[in-house]
Amino acid sequence: MRLLVLTLGPPIIVAVSYCLTMLDGDKPTKPELRAAGSTITDRPALTATTSAQLNSRCQEEAASVKQRIDSDCQMIVRPPYILAGDFDVDQLERYHRLLVVPIACALSTDYFDTAPVEPITILFFSGDQTFREHARRLDQRSAMHEYGYYHRADRRIVINAATGNGTLAHELTHALARVDFPHIPPWFDEGLAALHEQCEFSDDGLRLNGMSNWRLNVLRDAIQHSRLHSIETLMSKPAISPERADIDYAHARYFCLYLQSRRLLSPFYRKFRQAAAIDPTGIDTLRELLQTDSLKTTDKNFRRWVLGLETRTSTPPQ
Ligand SMILES: [Zn+2]
């Protein structure tokens with residue numbers, strides 16, 4: 001049963017409804033969320049490996065983080081997660097129970113099979129100023145044009161919670177993907193994370209389904225001005241270059257959405273992860289999955305599908 005559709009502003013968390021919008025360390029998205037199924041909040045944290053060692057590591061990490069954030073910030077430790085920020089403990093508990101656990105569970109249905117064995121810290125800040133101040137203090141990062149980011153070396157998510165819950169979904173996808181698929185290439189890492197910046201829970205709450213968002217306009221514009229690379233070129237890139245990040249993000253996100261629409265995203269993820277040592281770009285895995293020798297037809301079909309999608313009226317963030 002779908003409950004409601006939310007359009008944000010600030011994230012709203014109530015017992016049975018939440019939305020997922022995006023956010024990232026690279027580009028902000030449009031906060032807009034969809035409702036979740038009613039069963040989600042009742043499910044246990046499947047990804048929490050509550051071993052004594054992990055508990056101990058979380059306590060150590062929590063003590064370390066506490067020294068580096070404002071003294072009036074609150075913190076809760078729920079292995080493998082440490083949640084902290086300028087919210088009260090009850091709100092942090094709600095973030096954990098209503099967002100972090102359901103998102104992680106849903107991602108484990110379609111993608112992630114390896115649970116974290118090291119702490120993942122998630123810092124929630126209520127506004128731009130405190131978010132940027134902590135980004136600077138923790139990571140010497142200006143975060144001027146960001147809604148949030150994932151600091152890979154420290155397994156730490158830092159977000160401006162006022163930008164919407166999709167930010168958390170985006171960054172949590174990065175954090176859990178790194179555990180499950182350590183050598184995930186940049187195009188797929190960003191495509192999968194960006195897919196969840198705008199998504200909804202399935203009716204049974206077991207899956208997250210990506211939805212169309214403002215990046216569609218970026219992608220269409222690139223197609224119409226012959227600026228879109230082939231999917232093979234995108235997949236071959238060792239990194240997403242800053243000068244065309246908007247296009248490549250949109251390309252990677254919408255290619256993931258395209259595979260999802262054909263029920264091929266989850267199989268692709270798992271086959272690719274398994275084959276990554278011999279197929280680091282995923283190109284061979286994709287060819288095999290689509291049973292084709294060339295991705296040229298795939299490119300053509302993808303572009304036709306993109307141009308046939310309903311136009312999004314939302315505007316990108318300023
Ligand atoms: Zn990202």
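In which sense, and over how many bridges, do strand β5 (residues 120-125) and strand β7 (residues 156-160) pair? The two strands pair in the parallel sense over 5 bridges, where pairing requires that DSSP finds at least two bridges between two strands, and strands (E, at least two residues) and helices (H or I, at least four residues) are DSSP runs numbered from the N terminus. The model is predicted, so that local features need pLDDT of at least 70 and side-chain atom pairs count only at pLDDT 80 or more, whereas totals for chains, interfaces and linings use all residues. Residues are numbered from 1 along each chain as its sequence is written.

Within β7, I159 is the bridge partner of F124. An open sheet of 5 strands with mixed pairing follows the order β3-β4-β5-β7-β6, and its edge strands, β3 (74-78) and β6 (148-151), each pair on one side only.

The largest nonpolar core comprises 75 residues, of which V100, I103 and L172 touch the most other members; such a core is a set of buried Ala, Val, Leu, Ile, Met, Phe, Trp, Tyr and Cys residues joined through C-beta atoms within 7 Å, a residue being buried if 20 or more other C-beta atoms, placed from the backbone, lie within 10 Å of its own, exposed if 12 or fewer, and partly exposed in between. Helix α2 (residues 89-110) gives the most to this core, with 11 residues.

S230, in the loop between α6 (215-224) and α7 (231-236), is partly exposed because 14 other C-beta atoms lie within 10 Å.
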